[in-house]
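Work through the exercises below with the sequence and the model at hand. Each task is followed by a solution in steps.

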Amino acid sequence: QVQLAESGGGSAQAGGSLRLSCDPSGSTFSSNCMAWFRQAPGKEREEVAGIYTGGNRGHITFYHDSVKGRFTISRDKAENTMYLQMNSLKPEDTATYYCAAAQGACGDFTWRIITLYKYWGQGTQVTVSS
């Protein structure tokens, strides 16, 4: 059984940084498409960043416009661990962050689709104060 475990959440001041990790477990886990989503109280879950590793294209990353230039998604393929480096944090980044893994490929548009992802973590809280 595949499980995803997020860590690294916490509190930060505006302008600060946090680094989230997503550590999959399960001997059968293998995913070329993983992503981070977030959900603030009273709001729908939204995409933050995605990463596709497969074929001969190496790593391809995707970002929501609101985090471009501030967040960096990466993945240690050997360990299957995924990371989200969050810099220049803003109060509006406050949310519960979830990592997700799909069973198939993803691209420029499909990475945003929540139903693409079969596996989800329990979430980690990020709170940014002004």
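**Exercise 1: a charged pair**

Glu46 has a relative accessible area of 28% and is partly exposed. The model is a predicted one.

Task: Find which residue forms a salt bridge with Glu46, and state whether that partner is buried or exposed.

Solution.
1. The partner of Glu46 is Arg38, and their closest N and O atoms are 2.7 Å apart.
2. Arg38 has a relative accessibility of 7%. Buried means under 20%, so Arg38 counts as buried.

**Exercise 2: a link across the chain**

Task: Locate the two residues of the salt bridge between Arg112 and Glu47, and classify each by accessibility.

Solution.
1. The closest N and O atoms of Arg112 and Glu47 are 3.0 Å apart.
2. Arg112 sits in the loop between strand 9 and strand 10 (117–120), while Glu47 belongs to strand 5; the two are 65 residues apart and link distant parts of the chain.
3. Arg112, at 33%, is partly exposed, whereas Glu47, at 15%, is buried.

**Exercise 3: an exposed pair and a network**

Task: Describe the salt bridge of Asp65, then name the residues joined into one network.

Solution.
1. Asp65 pairs with Lys68, with 3.2 Å between the closest N and O atoms.
2. Asp65 is exposed at 58%, and Lys68 is exposed at 52%.
3. Through salt bridges that share partners, Arg38, Glu46, Arg70 and Asp93 form one network.

**Exercise 4: the nonpolar core**

Task: In the largest nonpolar core, identify the residues that touch the most other members and the strand that gives the most.

Solution.
1. The core has 27 residues, and Trp36, Leu84, Met86 and Tyr97 touch the most other members.
2. Strand 9 gives the most, with 4 residues.

Notes:
Residues numbered from 1 in each chain as written. Predicted model: local features only at pLDDT ≥ 70, side-chain atom pairs only at ≥ 80, totals over all residues. Heavy atoms only, no water. Core = buried A, V, L, I, M, F, W, Y, C linked by side-chain atoms within 4.5 Å. Buried < 20%, exposed > 50% of the residue type's maximum accessible area, 1.4 Å probe, protein only. Salt bridge = Lys/Arg side-chain N within 4 Å of Asp/Glu carboxyl O.
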